[in-house]
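Notebook open, structure loaded. I wanted to go through a few spots and jot down what turned up.

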Amino acid sequence: MEIRVLGEVTLYGPDGPVAIQRVGERIVLAVLAINAGEDVEATTLLRLLGEGGVDQITPRTLKDYVAAVRTALQHAGGSRAMLPDARRRRGAYRLDIDPDLVDYQRFARHARAARDHADAGDDQAAAESLRRATGEWRGQPLAGIDRAPLDGLRHELNERHRSVARDLLTLQIHLGQYEDVTRAARRMIDTYPTDDIVVLALHALARNGRRVEIPDFRDFATGRLRALLDDDDADFDTAVRDVADTLLKQPRESYRLLPRSAPATVGTDRDPSRFDPPPDAIAATGRTEEPPAGPSHQVPRQLPAAPQAFTGRTVELADLDKIHDASTVVITAIDGMAGVGKTALAVHAAHQMVDRYPDGQLFIDLHGYTDGVAPIEPGEALNWMLRALGVAGERIPISLDQRAGLYRSRLADQRMVIVLDNAAAESQVTPLLPGAPGCVVLVTSRRRLAGLDHTHTLSLDTLPPPDAITLLRQTAGESRLVGQPPELAAELVQLCGGLPLAIRIAAARLRSHPTWDLEHLVQRLRDQQHRLVELEAGRRSVTAALDLSYQDLGADLQRAYRLVGLHPGPDIEAYAAAALLDGTLREAGRVLEQLLEAHLLQEPVPGRYRFHDLTRAHAAYTATRDETEHSERMALDRLLD
């Protein structure tokens, strides 16, 4: 039996391909195969299936798909125990299978083997393992499944392939296999149009004594990149030409791999199969040769574009404007509930700071709360950030401590803005903090990062009504609200709880339905039982955003969130929570504090807690989904007694 996902999703048995008719079944098979041996949350599968437009997806539909996949696996020679049912307590599916039966898992194994060989100093064996890894690819991953929710996963797989292919080219240069590099680079440009592949080919030509071919290859490559990227004036053009000019001026015996900036197609290097991905194969060898003088490293300017329709937050921006201090590292942790606009505030504030920090800006999404993507490990984040600072891959150490030390050394005399977005915990952030004065760091997280020392904290609340209405007007378009009663706009933002994400989704729905007016949309949102369903537009969803916060909780806290959500009053204190949870007062108080730290509860006055309206609706939804009627009734009986 074999499962292939690096190309068209296919299941093979002893007699050839096994038919899998429905797209939903292929999605389930592919996601479980990529994560073979690991739990995949049923909610994740439901979201991938539902947002992909595959009929009307319910937990029952998912079970039907799973049953069909199990039958197909049996026909292909697998065991019935290969795909156990999701357990109600854990709500997850797992494909227990020999990893070598999945092409992606073989790819991952060969990539890890390359690192081990490089650690042992055997570059030849490392290169052979990388060749085997790239040989597993047969085309665009997940081909035949044209579903937008899988685009992120497809991108992650392609990024891993590109990284391994780049490492292979680098090793081949060190091994003197220059012809292989130039041939492969010509093929790869169409698949991965990035300047780093071109730069490696230029080095191969230079080391092979073929300097005369450098101008022609440079012109061919930049022309191809411009055509593929539809960009006539891009940074890659200057970068490639600078490297080519430098190589043409250097004597052959001095050629070394030059430091380069982060690839043009920057994305997370996190491997979606959740294994700890190897760093560049060359970096694993521990080489320490100094690169020669070459083109100076460009100042990194990695901030995303300033958010459009940014509204309000004048108090918070004024607060952030006061934090600059050249005598220390300035760190601000911005926390708040899902969809409240933490990233927008951090990016907007960072753009206002750039003049004070002339040495550049670093930005990285740590994926603490990203659907289908595991949080980026600190060592992995440092690998990416060191490259952005101009450190060549072969000079990046292996250990976390050494990477952090080199990172701090690079920033020691710099004045930079650093945005660490979407952090999961303090431990993910601490190694990424500079050690010397001069830099400002903005960290965003859904959790209160109280464990970070000497940190200015800023807890972001929902928008006040005037700012919320302004955001609605800016995102829906002034023309869509002309002649509409002002009280309807006020009610709409109130029904959205002042949450920027919800307001933007509501505005998007208004834009996409030309026949709707405010009264019609408000009428739909007044139905509290179905309000969360209405607040979905394309890939944006309040439910999905809150689901990520919920899934980050442990099993006991998830149960507490569901049961506390049954409380019928406007707020709750520890005594009522203890009754609902059937626990002690101390246990209930600790649970409420933990939900508060995760921004799933609010504390308007000391000792009394309440839900945001949309969070309350989400808690009720999860209780309906994951609690039995008996457990709900018993919890309410304890409360009322």
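Entry 1, cysteines. I started with disulfides and the count came to 0. Keep in mind that this is a predicted model. I then looked up two cysteines to see whether they sit inside or at the surface. Cysteine 439 is buried, at a relative accessible area of 1%. Cysteine 496 is buried as well, and its relative accessible area is 0%.

Entry 2, the N-terminal strands. How many strands form the open sheet, and in what order? I found 3 strands, running S1-S2-S3, with antiparallel pairing. Strand S1 (2-4) and strand S3 (16-17) are at the edges with a single partner strand each, so each has one side without a neighbour in the sheet. I checked the S1 pairing next: S1 goes with strand S2 (residues 10-13) in the antiparallel sense, over 3 bridges. For a landmark in that pairing I picked glutamate 2, whose bridge partner in S2 is tyrosine 12.

Entry 3, strand S6. Is S6 mostly buried or exposed? I got 6 of the 6 residues of strand S6 (residues 330-335) as buried, so the strand is largely enclosed by the rest of the structure. Then I sorted the side chains by direction. Val330, Thr332 and Ile334 point one way, while Ile331, Ala333 and Asp335 point the other way, and all are buried. That fits what I'd look for, because side chains in a regular strand alternate between the two faces of the sheet.

For partners, I found S6 paired in the parallel sense with strand S9 (residues 440-445), over 6 bridges. S6 also pairs with strand S10 (residues 456-459), again parallel, over 4 bridges. Aspartate 335 is a handy marker for both pairings: it stands opposite serine 445 in S9, and its bridge partner in S10 is serine 459.

Entry 4, aspartate 421. I located this one in strand S8 (residues 417-423). What does a buried acid do for a charge partner here? Aspartate 421 has no salt bridge, and the nearest side chain of opposite charge, lysine 342, is 7.6 Å away. A salt bridge would need the nitrogen and the carboxyl oxygen within 4 Å. What I did find is a polar contact at 2.6 Å between the side chains of aspartate 421 and threonine 343. Leaving aside neighbours within four places in sequence, I listed the contacts of aspartate 421 as Thr343, Phe363, Ile364, Asp365, Leu366, His367 and Thr444.

Terms used
Residues numbered from 1 in each chain as written. Predicted model: local features only at pLDDT ≥ 70, side-chain atom pairs only at ≥ 80, totals over all residues. Heavy atoms only, no water. Pairing = 2+ DSSP bridges. Buried < 20%, exposed > 50% of the residue type's maximum accessible area, 1.4 Å probe, protein only. Lys, Arg positive; Asp, Glu negative; His and termini not counted. Polar contact = N/O pair within 3.5 Å; in protein donor to acceptor, adjacent residues only side chain to side chain. Contact = heavy atoms within 4.5 Å. Disulfide = S-S within 2.5 Å.
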